[in-house]
Amino acid sequence: MSFLTEQDVYLFNEGTHHRLYDHLGSHPGTKDGEDGTWFAVWAPNAERVAVMGDWNGWSLEADPLAPRGMSGIWEGFLPGVGVGARYKYHMVSRAHPGYRADKADPFAFHTEIPPAQASVVWELGYEWGDAGWMAERAAKQAVDSPMTAPMSIYEVHLGSWRRVPEEGDRSLSYREIAEPLAAHVKKLGFTHVELMPVTEHPYYPSWGYQTTGYFAPTSRYGTPQDFMYLVDFLHREGIGVILDWVPSHFPTDEFGLAYFDGTHLYEHADPRQGYHPDWGSYIFNYGRNEVRAFLTSSAAFWLERYHLDGLRVDAVASMLYLDYSRKAGEWIPNRYGGRENLEAIAFLRGFNDEVCGSFPGVQTIAEESTAWPMVSRPTYVGGLGFGYKWDMGWMHDRLKYLAHDPIHRKYHHNEITFRMVYAWNESFVLPLSHDEVVHGKGSLVNKMPGDDWQKFANLRLLYGDMYAQPGKKLLFMGAELAQWREWSHERSLDWHLLDDPAHAGISRWLEDLNRLYRAEKALHELDTSPEGFEWIDANDALNSVLSFLRKGTGPEDVILVVLNFTPLPRENYSVGVPRGGSWTEVLNSDSTSYQGSGKGNPDGALASPVPLHGRSHSLTLTLPPLGVVFLKAPEPAADDEDGEESSVEGVE
């Protein structure tokens, strides 16, 4: 009798078993009428494997496992061992004589609280209350052009979002954070939360990116059921949950995956392939069947058992290129002599195919910063299969441009127009993530030039540009506070800043941006399609002004966006538009409610039949200093010569 069938073993060794968490690891059960726990671990180069735990005094000999044929799996049933028991595998290698190590279970569902390292026998039963969310999820996360759902993501590091200073400045638990986080996200109007890795990690300052527990949420904030409660609560509040997932590398800690059975089992043996010079970590051997099955099973685990709505895959560029961050002679070419990591490419495509096939409506998002083609295109047309890709170019260009003194911006105008050259190559998420506010880079507001008023105006302008651009949105926590300090994982966000009107104005601006983005189809429906965007004037470098239209699938769904990147208000600024009638100013970053100067067009603007910018009509506007205005088009008349109707011809 065994917890593993021969079919399970066959599929695992073949690399096509994507539910390994149901069979490997520790599973409470019965054998011959006796309660206990099944254990199974992959260690093909071990001479001996024993389970050591608190029930046997951590004995290295008392509870050996038996090999399962030639599969490389060691298994056994230990009576009397139940939920809550702590354990490790004592590994004796036959490939490396004299090598002995105590290993955490790669498939453990729960762990001790770090820095303790033992795995914990656990069951994952939970009564979910999110059936309504799950039934509607696919529609809420649609990515397929021409009609996409609004997606505005609030990135969170759970340990530092809010703390309890009265209790030693401890972090909130999964259950404690659920209600205030959901309330805050709903107030701001975000559609999703993205959690920086909660997969178990030994080193807290790694922020979770040095993962040891690919099937265990970190126990720093509670049990697996506590994490389920957090996801469930967010879902019941109408908020999606994306997990930051790290299949690109893993830490060198002895108790983890590294040198697991006395050989480089999970990682490449040659450091030119298996060691990451930037992060001091090991790189997975994607050419090994069992490793691919392990990683794909990890992805499926979080989607199936924790109802997560998406996976943001970290450091995809480092997976794709064999010479990533390496000098000549420090990497090994592929079999064709190229720099592409063929095994990693095959893994990513297989992973995305599994997610797409087994979890309809779930999205995968690549953090990929190079010009690799078709990252967010289906595998059947040669793509990598992701739903979205982070647009790192937009982020770098915008921050670089806005760092210039406004008087010099006219000389750098191409930095804010270049994005539209490649905007439709991929389906993009526009990220202002945690990476931009750490390691001496400064907070977002402190990246802006000028006095305090100009810093805040520039920050509102940056957020306005993000929400006006085609693409989904991502902002790291603290962006809504306009924090002066860089983010630190060792302290709470500076919530007291909301008592200051200027900081509160930034929060209110984000609320209104999210509201408009979700309400107006023109701002999200064609986010991944060129029919959703049309330049009015991309070339007014002298005034540092941009104007363009955002459009939905209906002729009534048209928003005009005009951005003024200088502190000079511009009166009587003319902009061509495709139809007559009264255009309504629906949002203005310079409104006094955001602590702006109040310049704008509160009564709207009436289009006159004066052709301009190749359009039949034109508006005369007041452009606020360092500001952005959004104007909604009037309903089209039957005799309008509308450019937008022809531009979406054929959209159904």
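Is S325 buried, partly exposed or exposed? Some notes on this predicted model follow, with S325 taken up first.

1. **S325.** This residue counts as partly exposed, because its relative accessibility is 39% (buried means under 20% relative accessible area, exposed over 50%, partly exposed in between, with a 1.4 Å probe and protein chains only). S325 sits in the loop between helix 8 (316–320) and helix 9, and although it is not a glycine, its phi is positive, at about 60 degrees.

2. **Ground rules.** The model is predicted, so local features need pLDDT of at least 70 and side-chain atom pairs count only at pLDDT 80 or more, while totals for chains, interfaces and linings use all residues. Numbering starts from 1 along each chain as its sequence is written, and side-chain values use heavy atoms, leaving out hydrogens and water. Helices (H or I, at least four residues) and strands (E, at least two) are DSSP runs numbered from the N terminus.

3. **The barrel.** Have a look at the 8 strands that close into a barrel, with parallel pairing, in the order 10-13-16-19-20-21-22-23; two strands pair if DSSP finds at least two bridges between them. On average, neighbouring strands of this sheet are turned by 25 degrees against each other, direction ignored (axes are lines fitted to C-alpha atoms, for helices over the stretch in contact, and angles run from 0 to 180 degrees between N-to-C directions). Strand 21 (residues 388–390) pairs with strand 22 (residues 428–432) in the parallel sense over 2 bridges, and W390 stands opposite V429 in strand 22.

4. **Helix 7 and its partners.** Helix 7 (residues 289–305) packs on the barrel sheet, touching strand 16 (240–245) and strand 19 (310–313), where contact means heavy atoms within 4.5 Å. Its direction makes about 160 degrees with that of strand 16. Helix 7 also packs against helix 9 (residues 342–358) at an angle of about 30 degrees, with the axes 10 Å apart. The two helices are therefore roughly parallel to each other (angles under 35 degrees count as roughly parallel, over 145 as roughly antiparallel, 65 to 115 as roughly perpendicular and the rest as oblique). On the helix 7 side, R292, L295, T296, A299 and L303 meet F347, F351, E354 and V355 of helix 9.

5. **The open sheet.** A second sheet to view is open and antiparallel, with 6 strands in the order 24-25-26-31-28-29. Strand 24 (533–540) and strand 29 are its edge strands, each pairing on one side only. Strand 25 (residues 545–551) and strand 26 (residues 558–564) share 7 bridges, and S547 stands opposite V562 in strand 26. Strand 28 (residues 581–588) pairs over 4 bridges with strand 31 (residues 627–632) and over 3 bridges with strand 29 (residues 605–607).

6. **A helix touching both sheets.** Helix 13 (residues 452–468) lies across strand 10 (152–156), strand 22 and strand 23 (472–476), running at about 150 degrees to strand 23. Helix 13 also lies across strand 25, strand 26 and strand 31, at about 35 degrees to strand 31.

7. **Backbone spots to check.** P114 and P115 are joined by a cis peptide bond with omega of about 15 degrees; P115 is in the loop between strand 8 (110–111) and strand 9 (119–120). H613, which is not a glycine, has a positive phi of about 55 degrees and lies in the loop between strand 29 and strand 30 (617–623).
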